[in-house]
Amino acid sequence: MEIKKAVCSQCHNNCPVQIRVEGNRLLAVEPDPDFPAAKAFYPVTQACRRRRAAADYFHHPGRLNYPLKRAGRRGQDKWEEISWDQAFDEIAGRLKEIIAESGPEAVGGTSGTGRTHDEIRQRFFNLLGSPNHVGMGAICYGPQCTMAHSVFGWRIFPVVRADTKLAVVWGGGGPNYWDVFWSQAKKARRERGMKIMVIDPRATEAVRHADLWLQVRPGTDTALAMGMINYIIQNDLYNKEFVDTWCHGFEELKARVAEYTIAKTSEITWIPEEKVRQAAEWYGTLTPGVTSHGEGIEEQAALVEVVHARYALNAIMGNVETRGSNVFAFPYPDVVHVEEVAAHERLSPEQMAKTLGGDRFRLISPKGFNLITDTIRNLWGREAYARTAYECYAHAPSFYRAMLTGEPYRVRACITQASNPLLTQGNVNLVYQALQKLDLYVVHDFFMTPSAQLADYVLPSTTYMERPWIWSYAALIGSERALPKTVPGAYDRRDDYDLWRELGIRLGQEADWPWESLEEYYDYRLAPSGLTFAEFMAQGRYLAPPKIVGRHEQDGFATPTGKVELYCTTLEKLGYDPLPRYYEPPASPYSTPELAEKYPLILITGGRVQPFYHSEYRQVEKLRKVHPEPQLQINPEKARELGIEDGEWVWIETPLGRITQKATYFTGIDPRVVHAEHAWWFPEEEGAEPHLYGVFRSNANVLVDEDPEICNQISGGFPTRGMLCRVYKK
Ligand code: SF4
C-alpha cells in the first residue's frame with residue numbers, strides 16, 4: 001500500500017489530501033497532516049462526505065472507460081466502443097470539413113468548473129481561430145473578478161486575521177461553499193467575538209452562527225449596499241483618509257446613493273429598518289472587515305451592479321489591502337502562467353470580433369477584458385488571470401441560440417468538457433433543441449450524462465486522481481501528485497491535455513504542442529523556478545507567493561486613474577453606467593405586477609446542496625442516500641395556504657415550463673419566496689430519449705430564462721435568483 005499526496009478537486013475547497021493506493025486501486029482519501037496549512041483545512045476535509053465516498057466514486061461501475069461512438073440515432077443510447085485514435089481521427093476529420101465550410105467560429109466548446117486545464121482548452125481554440133467557447137463564469141465569480149480588476153486593479157480576497165472585526169457572508173461563500181474561510185470566521189467569532197453578518201434570503205447554515213442576519217428580498221442586494229453606503233456617508237463613518245487619497249468618484253457615488261435612505265432601502269429589500277441601520281453601523285464601525293465572495297449575488301439580474309456596490313462599500317471603509325480586510329491575492333512569480341499558455345494573442349482581431357454576444361455584453365468579453373488588462377499589465381507586468389479561469393469569451397445564451405437559429409451564424413460543432421449543459425444552462429428546452437442541431441457533438445466526461453446522450457462521441461476522462469496537475473487557483477502554485485491510471489490495461493481514460501493536443505496536431509497545430517505529456521508541460525511551466533515537475537513534487541509541492549499588503553501605497557492601483565474606482569472608468573469606456581445603480585429584477589411583484597398575479601411567488605435556485613457538487617455525485621449511492629430527492633423549500637405558512645403538505649411532491653411553474661420537487665417546510669424562508677434545488681437528474685433511470693435520465697422532471701433550469709433581453713446587459717449573466725413562479729399540488 002502506498003500513500004500519495006494530492007489536492008482534492010472534488011469541490012473548490014481543494015483540500016490537501018493523502019490518498020491510499022494499493023496496486024491500482026484507490027482505497028481512501030484522507031486529510032494530509034503534512035501540508036503547510038494543514039490545520040486550516042483539517043476539520044473541513046475530515047468532515048467531508050465526498051472525500052469519504054471518493055473510492056465509491058472513483059471505482060463506480062458507471063464510469064466511462066473507453067471512447068464511444070454513436071451507433072444509433074442521436075439520443076438512442078446505442079454506442080460502439082472505438083479506439084482513441086479512431087475517435088481523434090474522425091472528430092478531427094469532421095472538424096476540418098466544418099471549418100472549411102463555415103469557418104473556425106462554427107466550432108465551439110463548453111466547460112465547467114474546477115475539473116479541467118482551462119488554459120489548454122483555450123489554447124486549442126485560440127490556435128484554431130474560434131472565440132466561441134463558453135463556461136459558467138458569467139454567473140460564477142467572473143463578474144466579481146472582472147469588476148475587482150476594474151475597480152481595484154486586481155482581485156481582492158477576504159482573509160480573516162487576528163484583527164478582523166467583522167465578516168460579512170453575502171449571498172453564500174460560507175459553509176458548503178468556501179469552508180476554509182468559514183471555519184476561520186467561526187473560530188474568530190468563538191474565540192474573540194468577531195461579528196458575523198449574513199446577507200441571504202434564506203436561513204442557511206451560516207445564519208446559525210450569525211450575529212446579524214439580513215433576510216434580503218432576492219435581487220435587491222444592490223439597494224441594500226447603496227443604502228448602507230448612504231448611511232455610512234451621511235453619518236461620517238467612512239474612512240476619509242482612504243477615500244481622499246485612494247478613491248476616484250466619491251462625490252458622484254455620494255450623489256448616486258443619496259436617495260437610498262434607511263426607510264427606502266427597507267421598503268425595497270423587505271429588511272426591517274432597524275436591521276438595515278444596524279448593518280450599516282456595524283459595517284461603518286467594525287473595521288477591518290472582510291466580505292466573502294458568495295456567488296448568490298452574481299446570479300441575480302443586477303449582478304454587475306451589486307458587485308460594484310459591494311466593492312464601493314468595501315472601499316469607503318478602507319477595507320482594501322489592509323491586514324484583516326480584503327487583500328490582493330498575488331500569483332507566484334517564477335512560473336509560466338496559464339494566460340501565457342492559453343495563447344490569447346494568437347486569436348486574430350478578425351476572429352475575436354466574431355465572439356458571439358461579445359458586442360452586446362462587453363464586460364465579460366474580449367473587449368472588456370482587453371481594456372482591463374491593458375491597465376493591469378502596466379503595473380503588474382502581466383495580464384489579469386480572470387480571462388483563463390472565467391472564460392471572458394462568448395456569451396453562453398447567445399452561443400446556444402446561434403446553434404439553434406443560425407443567427408448571426410450557426411455553431412455547428414461543439415466539444416463539451418466538465419459540463420453538462422442540459423443541467424447547468426438556463427432554459428433547458430432551448431439548449432436541448434440547440435444541441436440536436438449540431439453536426440458534431442463531442443462530450444468528454446467521467447460518466448454518461450443527459451447531455452452526453454445527445455453526443456456523437458463520448459470520451460472517458462481521467463479524474464484528478466488519475467492525472468498530474470498543477471493547481472494554481474487563487475494565485476498559489478498549489479500541490480500536486482500523480483496517481484496511476486485506475487486499472488491500466490483494462491480501461492483507457494484520458495485527460496483533457498491529450499484530447500486538445502491530439503485534435504490540435506490533427507488540425508495543423510503540431511508546432512504548438514511540443515509537450516508530449518502533462519508532466520512535460522508542467523516542466524515547462526515550472527522552468528523559471530528552476531524545478532521540474534518531479535522535483536516540485538519531491539520538495540513539498542507547494543510554492544507560496546510573497547505576502548505583500550499595501551502595495552498601492554508605492555505604486556497606486558492598477559486602474560486607469562491609479563485609484564480605487566468607485567466611479568468606474570472601464571464601465572464608462574465600454575458604454576455603461578460608471579456607478580452602481582439599483583433597478584427592479586426583470587420579473588418581480590413590482591416590475592411585472594400582471595405576471596405576478598399568475599406567478600405570485602419569488603423563485604430562487606442554485607443554493608448549494610450537500611453532498612452534491614452541482615450536477616455531480618448523484619450516482620454515488622452513499623452520497624445519494626444522504627439527499628435522495630430534490631426539495632423545494634417553502635415556508636409552512638404559505639404551504640398550508642396552498643394546501644401543500646410537508647414532503648408532498650408539487651409542481652413549480654414559470655412561464656417557461658414546470659418541474660416537480662418535494663415540498664419541504666422551511667421556516668427560514670420568507671412566505672413570498674421559495675427555493676428550488678438545481679442540477680437534478682436521475683442517473684439510475686433510462687438514459688435514452690425522450691427520458692434522458694429524467695432531466696426535464698426536476699431540473700430547476702427548465703424554469704430559468706436566459707433570453708439575452710433579461711440577462712445583465714453589462715456582463716450577460718442570466719438570473720437564477722429572483723424569478724416569478726407558482727407552486728401547486730400535483
Ligand atoms: S470534496 Fe471534500 S475533501 Fe475534497 S476539496 Fe471538497 S471539501 Fe475538501
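These notebook entries record what I looked up in a predicted model.

I count residues from 1 along each chain as its sequence is written. Because the model is predicted, local features need pLDDT of at least 70 and side-chain atom pairs count only at pLDDT 80 or more, while totals for chains, interfaces and linings use all residues.

Entry on α4. I took helices (H or I, at least four residues) and strands (E, at least two) as DSSP runs, numbered from the N terminus. For the 19 residues of α4 (residues 84–102) I expected a span of 27 Å, at 1.5 Å times one less than the number of residues, and the end C-alpha atoms are 26 Å apart, which agrees. I found A87, F88, I91, L95 and I98 buried (20 or more other C-beta atoms within 10 Å of the residue's own; exposed means 12 or fewer, partly exposed in between, with C-beta atoms placed from the backbone). Seen down the axis, the buried residues fall within an arc of 105°, taken from the directions from the helix axis to the C-beta atoms, so they line one face of α4. On the other side, D85, A100 and E101 are exposed. Just after α4, I noted that G103 takes a positive phi of about 90°.

Entry on β19. I found 5 of the 5 residues of β19 (residues 601–605) buried, so the strand is largely enclosed by the rest of the structure. L601, L603 and T605 lie on one side, I602 and I604 on the other. With pairing taken as at least two DSSP bridges, β19 runs antiparallel to β24 (residues 721–729) over 4 bridges, where L603 stands opposite M723. β19 also pairs with β23 (residues 673–676) in the parallel sense over 4 bridges, and there I604 has H675 as its bridge partner.
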